[in-house]
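Hi,

Here is the structure I said I'd pass on. Have a look at it first, then read my notes underneath.

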Amino acid sequence: MNVDASFTPPKTVQNVSYERNAHGVGIVHFGVGAFHRAHQAVYTDGVLAKHGGDWRILGVSLQSTKGADALNAQDGIYTLAVREGKEQHLSLRLIGSITEVEAATRGTDKIFQTLAAPQTRIVTMTVTEKAYGVDRSSGSVDLSNASIAHDLKDPANPIGIIGMIVKGLSLRKDAGLKPYTVLCCDNLPKNGKIVRSGVLDFARRIDPELATWIEAHGAFPSSMVDRITPSATPELLAEVEEILGAKDAAAIETEPFSQWVVEDNFCNGRPLWEDVGVLFVDDVAPYERMKLRMLNGAHSLIAYAGFLAGHKYVRDAMADQHIHNLVEQHILAASKTLTPLSGIVFEDYGKQLIERFENPNIAHETYQIAMDGSQKMPQRIFEPAIESLEHGLDIQPFALATAVWIRYCAGITSTGKTYDLRDPREDELRSIFKSGNGNASDICTAFLELANLFPAQLQQSDIWAEQLKDQLSSILKSHPLG
Ligand code: CS2
């Protein structure tokens, strides 16, 4: 038996408490991976249970079909698993907010019908940092990005996120409807602003009037999202099946902690997410900086240092005293680059992060976090490094995290095992090591010279270059190039 709309779970499992079909779709979400299922879909499920409303979610998968097939076979219902309390009791809850998931590679009719429907008010997305194809410094679309190039040529049949958002908005303008709010939920600084400038630039290139309309009527709030959610393991699926008495191919386990901070700037209504724990603020930027630098920065350090040391999971890396100490130093250095944030004590937030990383129940692979480093390092490591340089603070932890990442980019462990970087700039990064030259200074210079990666302040700093080289030479002693 499978979980689906006709399934009644045992009493120990929290069931969907509202009549699912009585609520229409109000949100289209792009990127229905584990994170969305543990985060936005859960908050919205909470609102539906509390207040009802037409706020259910049509999911869209831009590339894969697997997630769509798993969820559609279950009427969009899936299990959220969280281990809580001292006893680490596994509590299960069925989530009913997703109606179905459309795989864009199989056709986009339903996606655009929904984007153009009057009752659709919000488009949310978790499509990862690399998916936007927007140059973060200029805010323009990146013409060398394959999806952007394709969609500018054929805007009626887009394949990328920016092209899809713009086509949906254009259909709404033509139909005389209000636009939908575009709410980015990816780990990018000023994520709303980045998406807004990408959307406007794209629209200007195909239809200037559309761009003017979006500029005047659209809304692109920034948001900070947080919940550590790895891909589900076969053990988890087996454990969930045992408790439910039914199979759930889309079940996920996540941590008890969850946070969503959203800029309150919506152009077409929104669910009462504040009633289920979402924090609405005027300016998300200080929250984003805290999370990107303290959590995600430390996460990247753990991923690269842990992977190179042979640790499969974050929790194993945290049990390695050497890495543990480095993580503590990193979190402290990152916290010093932040401006005070009312209601948050950075020291406590940092301690809580250590506990979250140590969580023995969360099987988060270092290799998973290590992917897309070229897209993650700037906001996680380079930005706090610049500010530390400017304010005479310690840059050593940031130089160390960067050097570990550079070593990781060689694609080979010290025992000679090769691996893919899984980074859109993989070839460029690896080619630096191709000559076989293992000189730390030459490698650092080549990395610093890469286009659109290191900010000018770091490229021009002798102190930074010196620290980076020192850190890399000592890493190369303990982790020689194969
Ligand atoms: C991680 C994040 O994979 C990664 O890069 O650092 O996905 C992290 O787990 C989340 O941002 C936590 O909210």
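Below is what turned up, going from the domains to the ligand, the core and a few single residues.

Two things to know before you start. This is a predicted model, so don't treat it as an experiment: local features need pLDDT of at least 70, side-chain atom pairs count only at pLDDT 80 or more, and totals for chains, interfaces and linings use all residues. Residues are numbered from 1 along each chain as its sequence is written.

**The two domains**

The chain is assigned domain 1 (20-281) and domain 2 (285-478); such bounds come from an automatic or database domain assignment. Their C-alpha centres are 28 Å apart. Where they meet, 19 residues of domain 1 are in contact with 21 residues of domain 2 (contact means that the C-beta atoms, placed from the backbone, lie within 7 Å). The side of domain 1 that touches domain 2 has 7 nonpolar, 6 polar and 6 charged residues. In this scheme Ala, Val, Leu, Ile, Met, Phe, Trp, Tyr, Cys and Pro count as nonpolar, Asp, Glu, Lys and Arg as charged, and the others, Gly among them, as polar.

UniProt has entries here too, both unreviewed: "Mannitol dehydrogenase N-terminal" for residues 26-274 and "Mannitol dehydrogenase C-terminal" for residues 283-475. UniProt positions are given in the numbering used here, feature names are shortened, and annotations may be inferred rather than shown by experiment. Residues 26-274 are 36% helix and 20% strand, with end C-alpha atoms 17 Å apart. For residues 283-475 the figures are 67% helix and 0% strand, with the ends 39 Å apart. (Helices, H or I of at least four residues, and strands, E of at least two, are DSSP runs numbered from the N terminus.)

**Around the ligand**

Which residues surround the ligand? They are Asn187, Asp226, Arg227, Ile228, Asn296, His299, Gln368, Ile369 and Lys376 (each counts as near if its C-beta atom, placed from the backbone, lies within 6 Å). By type, the shell has 2 nonpolar, 4 polar and 3 charged residues. Helices H10 and H14 (366-370) each supply at least two of the shell residues. Both domains give residues to the shell, so the ligand lies between them.

**The core**

The largest nonpolar core has 132 residues, and Ile161, Ile162, Val199, Ile302, Tyr304 and Val404 touch the most other members. A nonpolar core is a set of buried Ala, Val, Leu, Ile, Met, Phe, Trp, Tyr and Cys residues joined through C-beta atoms within 7 Å. H10 gives the most to this core, with 12 residues. Because both domains give residues to this core, it lies between them.

**Three residues to click on**

Val199 is in helix H7 (residues 191-206). Is Val199 buried or exposed? Val199 is buried, with 26 other C-beta atoms within 10 Å (20 or more is buried, 12 or fewer exposed, in between partly exposed; C-beta atoms are placed from the backbone). Leaving out residues up to four places away in sequence, Val199 touches Ile162, Ile165, Val166, Val182 and Ile214.

With the same neighbours left out, Ile162 has contacts including Tyr132, Val141, Val199 and Phe202.

Ala305 sits in helix H10 (residues 285-308) and is buried, with 26 other C-beta atoms within 10 Å. Ala305 touches Ala317, Ile323, Leu326 and Val404, not counting residues up to four places away in sequence. Its C-alpha atom is 8.2 Å from that of Ala401, although the two are 96 residues apart along the chain.

Cheers

Methods. Two residues are in contact if their C-beta atoms, placed from the backbone, lie within 7 Å.
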